[in-house]
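Thanks for passing this one along. Here are my notes, in the order I would go through them with the model open beside the text.

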Amino acid sequence: MLADGQVVEASPTHNSELFYGAIGGYGGLGVIVEATLPLVENSKLVRQTQLMPLSEYAQFFASQVVDNPDMVMHNGILYTDDYDSVRAVSYLRTDAPLTVTQRLVPLDRDYKAMRAALAVASSNGGAKMRESLVDPLLLKHPQVQWRNHEASLDVRELQPISGPDYSYVLQEYFVPEAQLESFVAGMKDVLKAHRVKVANISIRHAKADPGTLLAWAHEDTFALVIYYRQGVSPSERAAVADWTRQLIDLAIAHQGSYYLPYQIQKSASIQPTNSATSCGMPITCSPLATDWKSRFNAQEFRYPALPMLQGGSHAVAWEISGKPGIKACQASTADGGGDGQRPEPGNHQVLAGR
């Protein structure tokens with residue numbers, strides 16, 4: 001539903017410009033009131049794990065995961081004692097007998113062991129204990145289960161998520177496949193220097209998304225999901241903002257992007273860069289034009305450097321069918337402000353981010 005109340009159907013082939021602009025658009029183009037999603041087979045999956053050096057993980061992923069027709073789900077656990085070991089966890093289609101017969105996780109499942117493992121991981125020395133003792137014990141036996149069973153884990157596994165003086169928070173950083181080791185080395189320095197209580201870092205993968213306007217991945221990327229515990233006092237939140245901005249700069253320097261779903265800790269200015277994929281600013285668009293067709297009837301989107309803009313908002317503009325002079329969206333800043341400033345007419349392109 002658009003701002004004027006009009007209901008428009010959009011898909012990759014119908015009103016595709018609106019579709020690819022609305023995906024990840026945070027409601028800036030309208031409200032998605034109905035969605036059609038494809039279903040997949042609820043197949044039996046066998047869990048397999050393998051511990052390896054980080055230096056071998058990208059090759060393992062390329063040879064064992066990417067083109068494997070039986071691979072359904074996969075992620076890597078990055079151990080944070082030295083940030084140089086990864087446990088690959090894969091779920092493959094199988095005809096083997098079930099070892100877990102329930103089709104869904106029972107609502108009354110006991111998560112005490114998993115919660116204890118999470119608490120251990122975020123404690124001093126816990127990362128090494130998790131790598132050498134906890135995970136080998138939890139993942140010791142091959143497990144065969146229904147796909148829906150693995151997909152139906154309850155959020156209670158992570159509870160308590162917060163308390164009077166702490167909260168568990170998630171961040172995600174996307175870097176091109178070739179940049180994984182270098183980014184992890186820099187991330188290790190930042191997190192250790194600030195003594196961040198990291199509970200888990202998961203390595204996932206995002207395929208190239210050339211169509212979506214605010215895509216995270218303009219090429220195949222590894223996504224590092226950081227789950228950590230922090231204090232909630234003003235000084236503790238300021239410390240988190242400091243190291244978060246360092247990780248944002250690190251991701252941009254590695255031609256990557258970022259996603260901050262809980263705390264928008266980006267700086268109040270955009271640093272110029274020559275990277276074609278240095279996106280990642282969480283943009284909250286407030287359309288300044290009334291005709292969405294004229295704004296999104298684009299034949300091509302490009303992602304070059306954007307000059308740093310001063311003031312309370314970041315002006316973000318795009319070129320439509322090669323025509324200059326298109327105005328900007330507002331973008332929220334670290335303090336939640338936005339003055340709606342617009343760039344001068346010219347050939348502006350999208351700053352991709354989400």
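The points below go through a helix, the nonpolar cores, two individual residues and the aromatic pairs.

1. Before anything else, please keep in mind that this is a predicted model. Every number below is computed from that model, so to speak of the model is to speak of a prediction.

2. Helix H4 is a good place to begin. It covers residues 126–138, and its end C-alpha atoms are only 15 Å apart, whereas a straight helix of 13 residues would span 18 Å at 1.5 Å a residue. Have a look at Ser132, where H4 has a kink of about 35°. The proline Pro136 follows shortly after that kink.

3. What does H4 pack against? Its buried residues are Gly126, Ala127, Arg130, Glu131, Val134 and Asp135, a list in which charged side chains such as Arg130 and Glu131 appear. These buried residues pack against four strands and a helix: strand S1 (44–53), strand S2 (71–79), strand S3 (85–93), strand S7 (197–206) and helix H3 (112–121).

4. Next, the nonpolar cores. The largest one holds 39 residues, and Tyr57, Leu78, Met187 and Leu224 have the most contacts inside it. Leu78 makes a handy starting point for browsing: setting aside neighbours within four places in sequence, Leu78 is in contact with Leu54, Tyr83, Ser85, Val86, Val184, Met187, Ile201, Ile203 and Leu224. Another core, of six residues, lies apart from the largest one, and Leu45, Val72, Ile77 and Tyr91 are among its members.

5. Is Thr244 buried or exposed? Thr244 sits in helix H7 (residues 234–253), and it counts as buried because its relative accessibility is 0%. Its side chain joins that of Gln171 through a polar contact of 2.9 Å. Not counting residues up to four places away in sequence, Thr244 touches Tyr173, Leu260 and Gln265 as well as Gln171.

6. His205, in strand S7, is partly exposed, with a relative accessible area of 26%. A polar contact of 2.7 Å links the side chains of His205 and Glu177. Beyond its neighbours within four places in sequence, His205 is in contact with Phe61, Glu177, Asp220, Thr221, Phe222 and Ala223. If you like distances, His205 and Ala217 are twelve residues apart in sequence, with 9.6 Å from C-alpha to C-alpha.

7. On to the rings. How many aromatic pairs does a search of the whole structure find? The search finds eleven. One of them is formed by Tyr166 and Tyr168, an edge-to-face pair at 6.1 Å centre to centre with 85° between the planes. Both partners are buried: Tyr166 has 13% relative accessibility, and Tyr168 has a relative accessible area of 9%.

8. The pair of Tyr228 and Trp243 deserves a look too. Their ring centres are 5.0 Å apart and their planes meet at 75°, so this pair is edge-to-face. Because Tyr228 belongs to strand S8 (residues 221–231) and Trp243 to helix H7, the pair ties together parts that are 15 residues apart in sequence. Tyr228 and Trp243 are both buried.

9. Lastly, ring pairs link Tyr57, Phe60, Phe61 and Phe222 into a cluster. Some of these names came up earlier: Tyr57 is listed with the residues that have the most contacts inside the largest nonpolar core, while Phe61 and Phe222 are in contact with His205.

Notes. Residues numbered from 1 in each chain as written. Predicted model: local features only at pLDDT ≥ 70, side-chain atom pairs only at ≥ 80, totals over all residues. Heavy atoms only, no water. Helix = DSSP H or I, 4+ residues; strand = E, 2+ residues; numbered from the N terminus. Expected span 1.5 Å × (residues − 1). Bend = angle between axes of the 7 residues up to and from the residue. Buried < 20%, exposed > 50% of the residue type's maximum accessible area, 1.4 Å probe, protein only. Contact = heavy atoms within 4.5 Å. Polar contact = N/O pair within 3.5 Å; in protein donor to acceptor, adjacent residues only side chain to side chain. Core = buried A, V, L, I, M, F, W, Y, C linked by side-chain atoms within 4.5 Å. Phe/Tyr/Trp six-rings, centres within 6.5 Å; stacked < 30°, edge-to-face > 60°.
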